[in-house]
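Biologist: Could you walk me through this model and tell me how each label was earned?

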Amino acid sequence: MVKLKVFKPPKKLSFYVRKIFLISTSEVTKYKQTVLISPFTYFSLVPHKPPTPFVDNKKVPVTQKLYFTGPYVKKKIYLEYNGKIDHLAFELTPVGLYSLFHYSPSNLIDRLINLNELISSERYFKLKNKLMQCENILKQKRVVEDFFTEQLKNALPIPHYAQNALEIFENHKGYLPIRHVLENINIGDRQFRRKFKEITGLNPKTYGELLNAHFIINYIQNKDYKSIEDLAYNSDFYDVAHFCHRFKQITGFKPTAFINDSETDFAKLVYSVL
């Protein structure tokens, strides 16, 4: 049986890490799970055999046990696990990767990059040695948290207008025209779009759509609705047909099919904690 534990990040990391989750099994298993679209990036630690990602049915080799992935915009991505599962993942905030590692998520759309490509060899091997000395995955989690805390020393500042825009998106569940965002920040359209994509990896429109889907999936998993109509209205849609069309356009699923699809169970559990 695959188990999922979700942890809140240490307070000092909360600006850069949304949540931490651990997927694990007590025995060797074969397991396949769909990876849902997401506007966020993820840092993974896989002590045993890493899962094999497939993007549009094409195998993507994972050569290291410490790597970043996302954002995810494609609809056909899934992971295959074959062996004992211990997968620790840090879901970063929209500014996490850019600020802590000086790297734009725009280079990571639907792909991965190993940690050793973003930090010095000396720091990488020091981290690996610390992780190898840990008795279990929870102690390894604390080592990674300490590593992220070290990154704070050289964190890039985020412009106020970009942070304000992200808060506006969050407050409106991602569902609002970009002009409404621009009306509330003191910056020109072109400069805003360029910097926003540099920081989050996505243009504002795509980011808003994926964030809105994120909230909808949260409603679904937490059963905060009584019908598809109720789900549409809770998600700020006033037309059910439009809601169903947009949901399928973004996720690749009709709402009812998504709710009943077992290969999205893990992702729905992850999304249920915002």
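Modeller: Gladly, and keep in mind that this is a predicted model. A good place to begin is the lining of the largest cavity, to which strands S2 (17–24), S4 (42–45), S5 (52–55), S7 (66–69), S8 (77–83) and S9 (86–92) and helix H11 (265–271) each supply at least two residues. The largest share, 4 residues, comes from H11.

Biologist: What makes that space a cavity, and what is its volume?

Modeller: A space is called a cavity because a 1.4 Å probe fits there but cannot get out. The largest cavity has a volume of about 370 Å³. Its lining has 27 residues, and Val35, Tyr42, Thr69, Tyr72 and Leu79 lie nearest the centre.

Biologist: How do the lining residues of the largest cavity divide by class?

Modeller: There are 20 nonpolar, 5 polar and 2 charged residues in that lining.

Biologist: How many cavities are there of 30 Å³ or more?

Modeller: The count is 2. The second largest cavity has a volume of about 50 Å³, and the residues around this one are Glu209, Asn212, Ala213, Ile216, Phe237, Phe243, Arg246, Phe247 and Ile250. Helices H7 (204–221) and H9 (240–251) are the elements that give two or more residues to that lining. By class, the second lining divides into 6 nonpolar, 1 polar and 2 charged residues.

Biologist: What makes a pocket something other than a cavity?

Modeller: A pocket is an open set of points, whereas in a cavity the probe cannot get out. The largest pocket has a volume of about 230 Å³. Its lining is made of Ser14, Phe15, Arg18, Thr93, Pro94, Val95, Gln163, Leu166, Glu167, Glu170 and Tyr207. Helix H4 (160–171) gives the most to this lining, with 4 residues, and the class split is 5 nonpolar, 3 polar and 3 charged.

Biologist: Let's turn to the sheet. Why are strands S3 and S6 said to stand at the edges?

Modeller: The open sheet of 4 strands runs in the order S3-S8-S5-S6, with antiparallel pairing. S3 (29–34) and S6 (58–59) each have a single partner strand, so one side of each is left without a neighbour in the sheet. That is why they count as edges.

Biologist: How do you know that S5 and S6 pair?

Modeller: Pairing needs at least two bridges, and S5 and S6 have 2 bridges in the antiparallel sense. They therefore meet the cut-off. In S6, lysine 59 is the bridge partner of phenylalanine 54.

Biologist: On to helix H2. Why are its buried residues said to line one face?

Modeller: The buried residues of H2 (121–132) are Tyr124, Leu127 and Leu131. Seen down the helix axis, they fall within an arc of 65°, so they line one face. On the other side of H2, Ser121, Glu122, Lys126 and Met132 are exposed.

Biologist: How does the reach of H2 compare with the expected span?

Modeller: H2 has 12 residues and reaches 16 Å from its first C-alpha to its last, close to the 16 Å expected at 1.5 Å a residue.

Biologist: One last label: why is glycine 188 called partly exposed?

Modeller: Buried means under 20% relative accessible area and exposed means over 50%. Glycine 188 has 40% relative accessibility, so it counts as partly exposed. This glycine 188 sits in the loop between helix H5 (178–182) and helix H6 (189–200). The C-alpha atoms of glycine 188 and valine 73 are separated by 26 Å, and the two residues are 115 residues apart along the chain.

Conventions:
Residues are numbered from 1 along each chain as its sequence is written. This is a predicted model: local features need pLDDT of at least 70, side-chain atom pairs count only at pLDDT 80 or more; totals for chains, interfaces and linings use all residues. Side-chain values use heavy atoms; hydrogens and water are left out. On a 1 Å grid over the protein atoms alone, a cavity is a set of points where a 1.4 Å probe fits but cannot get out, and a pocket is an open set with protein on both sides within 12 Å along at least five of seven lines; lining residues have an atom within 4 Å of a point. Grid points are joined across faces, edges and corners, and a volume is the space filled by probe spheres set on the points. Ala, Val, Leu, Ile, Met, Phe, Trp, Tyr, Cys and Pro count as nonpolar, Asp, Glu, Lys and Arg as charged, and the others, Gly among them, as polar. Buried means under 20% relative accessible area, exposed over 50%, partly exposed in between (1.4 Å probe, protein chains only). The expected span of a helix is 1.5 Å times one less than its number of residues. The arc is that of the directions from the helix axis to the C-beta atoms.
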